[in-house]
Amino acid sequence: QAVAGSLPELAAESAFFSGNASVYWPEVATKSLRCFERLEAAFWEVHVSASTWPLLSFESTVRHGRHRGKSLAGQAPLGGREGRLVGFFCLPSRYELEVMLEEVGAVPPSIHCGSEGLHEAMPLLLAYLSGRYEDLQRAPHPQMQDLDLRFGERVSTVYTQQVANYHSLAVEQLSKLSGESGRASGSTAFSEAPPPREAEAEPLSVAVCILGLARTLSSPSVFLSLAKNASGLEALGAETSNFFVLDTGGRPLSDFNAAFEHLPVAGLVVVNGTNWGGPKDCPTFDRCGSACTLQFHKLGLCLRLIETSELSRGRRFDWLVRLRPDMAFRAPIGHLRHLDRNAVHAVMRESGMSDMNDHFALVPRAHGDAYFGIGDSCPSVYDVKISRCLGDLAEGQHTYPECAFKMRLENLGIRVANFPRLFHIVRDSACVQTTGMWMGVTKTDQCGTTGN
């Protein structure tokens, strides 16, 4: 019942690969992200063989992108010659909604599929995608003990790692395909166009902006991860220039020598106090506090560093990347050439259950002034009130950074594309994080928000 009620939407974010066919990971990475963060569902990975589900030896097959009802007679079996099938199923889940409602004492709805429902859901989705309704209806369902299940958790701390794993495999596969004809990914994170041959493409250049309180930048777990996954030709497929705008909290720059060795510095500003001026006056951002005013000021300073570098080098960068100095990545960002250059790529939930994350963004240079120059804007009370942001806006008298970015880009008609949350924030060992909605959120320079 749960699957049948949204079958077209769930099938669109599911995929099957038969026999020894290689899994096309960009498709899987894209569909998993949309399944989790557009449909608020769960994404199950299942491996099954004809020895335990004889249907896989029938004369049928799954063609990716084929609509139901197409004739597949005479094609390979559903499981290919080898009688194997790898399936990725998007199945109903209300986990995020359930957690939110439980925290405020409400009774959540229970319409979802757990692992116990997979043996029923899999034939239904396979029938919809292949058009082999009669065969799948007559055949007995696979038994749960015969299914090799990998992933499928709904908890955000688990599914983010699942999406990161798929993204890493997609980045590796696209890198190999870039010298071939390539395949279209049709994705949110990856562009609709197939990856071009590297020999035919001019090298991209990217400015990586690392800004904020320095915090754990001196930790090898941070700077080694940034160097490997978020900067450089291998991680981004582009010539990289690193720009730093740091509040060191009074620490000497020598504390960060190892970080600067792995992340060569193209430009550096140390912001301690008002030595580089202050934020522009804006009542709306002033009410937000330093989370808006100081952050937006640092973004503006980094943009000035980038513009100065562009004048010196005689051409503009192709992309700007916004990072924090206390983040580590689970997977490489991937070659920027594969992304849609008409959108800002950021972490968000397409379902509308979250605002745009303000820790990270991949920004085409054409939109650089819009994103990094946010401090030059000043939304009115009315702008805040109609913003459709999720937090308490106090009738337009309060905003917060995530909402400010959302307002800014929407007002300028700039599309935001969802990008997987590949990173996590690395706190000082003395910081203890709270995660619940009502568990006493605090903020300190050392630990940031929700630290104590």
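Start with helix α7, residues 220–229: its buried residues are Val222, Phe223, Ser225, Leu226 and Asn229. Those five sit on the same side of α7, because they span an arc of only 160° around the axis. Keep in mind that this is a predicted model. Beyond α7, the other thing to look at is the set of salt bridges, which comes to 18.

**Helix α7 and its neighbours**

- The buried residues of α7 pack against two helices, α8 (233–236) and α9 (257–262).
- They also pack against two strands, β8 (319–323) and β9 (327–329).

**A salt bridge inside one helix**

- Lys31 pairs up with Glu27 in a salt bridge, and their closest N and O atoms are 3.0 Å apart.
- Both Lys31 and Glu27 belong to helix α2 (residues 25–37), where they are four residues apart, or about one turn of the helix.
- Lys31 counts as buried because its relative accessible area is 14%, under the 20% cut-off.
- Glu27 is buried too, with a relative accessibility of 12%.

**A partly exposed salt bridge between loops**

- Arg38 makes a salt bridge with Glu350, with 3.1 Å between the closest N and O atoms.
- This pair ties together distant parts of the chain, 312 residues apart: Arg38 is in the loop between α2 and β2 (42–49), while Glu350 is in the loop between β10 (343–346) and β11 (361–364).
- Arg38 is partly exposed, at 36% relative accessible area.
- Glu350 also falls in the partly exposed class, at 31% relative accessibility.

**A buried salt bridge from loop to helix**

- Asp355 and Lys406 meet through their side chains in a salt bridge, at 3.7 Å from N to O.
- Here again the pair links distant parts of the chain, this time 51 residues apart: Asp355 comes from the loop between β10 and β11, and Lys406 from helix α14 (residues 401–411).
- Asp355 is buried, with 12% relative accessibility.
- Lys406 is buried as well, at a relative accessible area of 16%.

**A shared network**

- Arg215, Arg324 and Asp326 are joined into one network by salt bridges that share partners.

How values were computed
Residues numbered from 1 in each chain as written. Predicted model: local features only at pLDDT ≥ 70, side-chain atom pairs only at ≥ 80, totals over all residues. Heavy atoms only, no water. Buried < 20%, exposed > 50% of the residue type's maximum accessible area, 1.4 Å probe, protein only. Arc of directions from axis to C-beta. Contact = heavy atoms within 4.5 Å. Salt bridge = Lys/Arg side-chain N within 4 Å of Asp/Glu carboxyl O.
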